[in-house]
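Work through these exercises with the structure open beside you. Try each task before reading its solution.

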Amino acid sequence: MKFESRAGANPIDRLKVVGKSHDRIDGPLKVSGQAKYAYERHDVAPNQAYGYMVGASIACGKITSLDVSDARNAPGVVDVISTLDYKPVPLSSNNTANLFGGAEVQHYHQAIALVVADSFEEARAAAHLVRTTYERKNGSFDLAAVAKAAPLYKNGDDDTGEDRYGDFEAAFEAAPVQFDAQYTTPDETHAMMEPHSTIASWDGDKVTLWTSNQMIAWSKKALAKSLEVSEDKVRLDSPFLGGGFGSKLFVRADAIVAALASKKVRRPVKVTLQRPLVANNTTHRPATIQRIRLGAHKDGRLQAIAHESTSGDLPGGGPETAVNQSKLLYAAGNRLTSMRLAVLNLPEGNAMRAPGEAPGMMALEIAMDEMAEKLGMDPVEFRIINDTQVDPMNPEKAFSERNMIECLRRGAKEFGWDKRNAKPASQQDGDWLVGMGMAVGFRNNMLMKSAARVRLGTDGVVTVETDMTDIGTGSYTILAQTAAEMMGLPLDRVKVVLGDSDLPASAGSGGQWGAANSTAGTYAACVKLREQIAKKLGLDPEQADFTDGNVLQGNRSFSLKDAAKDGELVAEDAIEYGDFGDEYAQATFSGHFVQASVNRFTGVTRIDRMLAVCSAGRILNPKSARSQVIGAMTMGAGAALTEELAVDKRFGFFVNHDLASYEVPVHADIPYQEVIFLDEADTASTPMKAKGVGELGLCGVGAAIANAVYNACGIRVRDYPLTLDKYL
Ligand code: MOS
């Protein structure tokens, strides 16, 4: 089904099931241990062997010898797979670092061997007997040291590496009020609960991977390429993920090496990356150095905005796109954005939840706070007068729906912003200095083709089948809600099957596009199924009313079940957008409000209250959407206050590569959190009129916390995370 611009009313708009809070239908399976994660799928293939990954212990150079003889002779060991026995596997364009094969080491903890044994313990013990010698090369590991010399990042030959509108330099020069500052954000790791895990098994020339992956169709293609087999020889199954946050968007070494090992030992092989390997073996959010310049009239209207960001990656990699939001968020007739990319020999930089905007807004939204102060304006009002309803670099393109101002007004009112004292360090509660801060959140809304199949069974149950994944977000539930609404059934009469590459290809879970697009694909398949049912019952598909398990037209009434009495009915379709996706600027917005306290003596920061007001189209399930947003606010608290991969600049690796030393927030760190969704329906997004919230929830949170800390203690920290040593 091709989605047409500003499509009118449709059966989803009845909102009997969609738009209502429902507990996650996979919840009971998860809390009772019945939802099997990749590594736990003992029943899918017999005689599974355990693989234990060995990572390189240098960052850059060459393996000169890799002796696996002792490991191979150790008790219980089936075989040892060495990177020297393979050529580097071909990679999809989504990957940068070599995943396996060859003698070259591109980053620390790169996979160089897999010990396969009858038990995990035997594999682990034998892994310590693998002996490797290296020829080390000097690498570049210090972003700050190489940032100045980093070239502009050009995406193609005719890209200048800069996006310009108007004349930034002249307008900035002429601006009565100028602001210019540099901000830094550190390398971060996804820290999802479930490490990357795969069970691989070959049947002849066909391989099946029970794995943990966000993007099934992409990864099936990538695996076929890496394993050098045709796509029809690869099957992936990933019904449950214990989180991903972008680290499982693409195929990683666990999947490749499990498949290669299983082929060699002719036995199913299971691999989970041991926790200390994850941070350096996989991908991370790259550190950034960002310069922001703002020029404003005395009344607060911005006339010039420049946002320049520098990040690093392995050769052939890409930048952290931290300037994205600065192209679209605020009005100003003169603009400059650019990214510089330095070569670093650290592990691969790649997508982590809200890639680009998350670190970009951590900088931009402090800069906006600093500029508001310089102008003597309230930070909420400063943002409101700089709102735009059109893409500021492409003014004939309007936002399909943009209620940033309403997010801010509503948030300020609900939070009690009027009680904030603009003068920093002026509120005290015992030993604590108390402050309030706010920031805007922004994240794009992307339209992606998404397919699904729906079946009406002879028992009257509707089954939705698609390769969509549920990374803990609630996909099962919103897809069930969609089919229930379309077919006029209660939620418990709908079954949802996900994550299998044999099912129709969905948009997958990434870039906060999963919810809106995968439900729209299910909607499209349901429209087709309704047509089939109406035809079967001799009704007009335009007139037939699917409601309460019945199909009604005029004075005729059938049970939905009747349509399938001669056998199940099956319909498959995809939602497609054509050029329509370019007609409007589409994005989601939020206002974040935070109260924080800083201890006068110790410098300890405590977050007291958080509120997010979100503008994100129709909210399909307020309960699961709220869970997404409070989870993201929690992640934002980590990004602001504790999270940082510490780089060893001599040896080139992330030192704190486990959950004991990479500090994410715990319950005691997180206060009362409140989320408000504006009542919206974006008719230009999808037939569901919904957009994403999963990444929006994170954008801006860090800056709101930083701004609250500044308001509390009067010390402006521009270098994340805001650890107490920086207040000294
Ligand atoms: Mo997201 S970083 O696209 O999973």
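**Exercise 1: The whole chain**

Task: How much of the chain counts as buried, and how many helices and strands are there?

Solution. The model is a predicted one. Of the 728 residues of the chain, 57% count as buried. The chain has 15 helices and 29 strands. Its radius of gyration is 27 Å, close to the 27 Å that the globule rule gives for 728 residues, so the chain is as compact as a globular protein of that length. Next, take the extent: the C-alpha trace spans about 80 × 75 × 55 Å along its principal axes. Last, look at the contacts with a separation of 6 or more: 81% of them come from residues 24 or more positions apart.

**Exercise 2: Three helices**

Task: For helices 7, 13 and 14, compare the end-to-end reach with the expected span, then count the buried residues.

Solution. Start with helix 7, residues 253–265. Its 13 residues reach 18 Å from first C-alpha to last, close to the 18 Å expected at 1.5 Å a residue. Now count: 10 of the 13 residues of helix 7 are buried, and the helix is mostly covered. Among them are Ala 253, Ile 256, Leu 260 and Ser 262. Just after helix 7, Arg 266 takes a positive phi of about 50°.

Move to helix 13, residues 514–536. Here 23 residues reach 33 Å, close to the 33 Å expected. Since 17 of the 23 residues are buried, helix 13 is largely enclosed by the rest of the structure. Gly 538 follows helix 13, with a positive phi near 70°.

Finish with helix 14, residues 622–641. At 1.5 Å a residue, its 20 residues should span 28 Å; the end C-alpha atoms are 28 Å apart, so the two values agree. Helix 14 is mostly covered too, with 15 of its 20 residues buried.

**Exercise 3: Two helices that cross**

Task: Describe how helix 9 and helix 15 pass each other.

Solution. Two packed helices are described by the distance between their axes and the angle between them. The axes of helix 9 (residues 357–375) and helix 15 (residues 701–713) come within 7 Å and cross at roughly 40°. The crossing is right-handed. Now find the residues in contact. Helix 9 supplies Met 361, Met 362, Glu 365, Ile 366 and Asp 369, while helix 15 supplies Gly 702, Ala 703, Ala 706 and Asn 707. Sort these by type: 5 are nonpolar, 2 polar and 2 charged.

**Exercise 4: Two residues in place**

Task: Are Arg 420 and Ser 615 buried or exposed? Locate each one and find its contacts.

Solution. Take Arg 420. It sits in the loop between helix 11 (404–415) and strand 16 (428–429). A residue is buried with 20 or more other C-beta atoms within 10 Å. Arg 420 has 23 such neighbours, so it counts as buried. Leaving aside neighbours within four places in sequence, Arg 420 touches Met 436 and Asn 711. Ala 342 lies 78 residues away along the chain, and the two C-alpha atoms are separated by 41 Å.

Now take Ser 615, in strand 26 (residues 605–615). Ser 615 has 26 C-beta neighbours inside 10 Å, so it is buried. Beyond four places in sequence, its contacts include Asn 403, Cys 407, Phe 589 and Leu 678. Ser 615 and Gly 441 are 174 residues apart in sequence, and their C-alpha atoms are 9.7 Å apart in space.

Conventions: Residues numbered from 1 in each chain as written. Predicted model: local features only at pLDDT ≥ 70, side-chain atom pairs only at ≥ 80, totals over all residues. Helix = DSSP H or I, 4+ residues; strand = E, 2+ residues; numbered from the N terminus. Rg over C-alpha atoms; globule rule 2.2 N^0.38 Å. Buried ≥ 20, exposed ≤ 12 C-beta atoms within 10 Å, placed from the backbone. Contact = placed C-beta atoms within 7 Å. Expected span 1.5 Å × (residues − 1). Axes fitted to C-alpha atoms, helices over the stretch in contact; angles between N-to-C directions. Left-handed = near helix turned anticlockwise from the far one by under 90°. Nonpolar A, V, L, I, M, F, W, Y, C, P; charged D, E, K, R; others polar.
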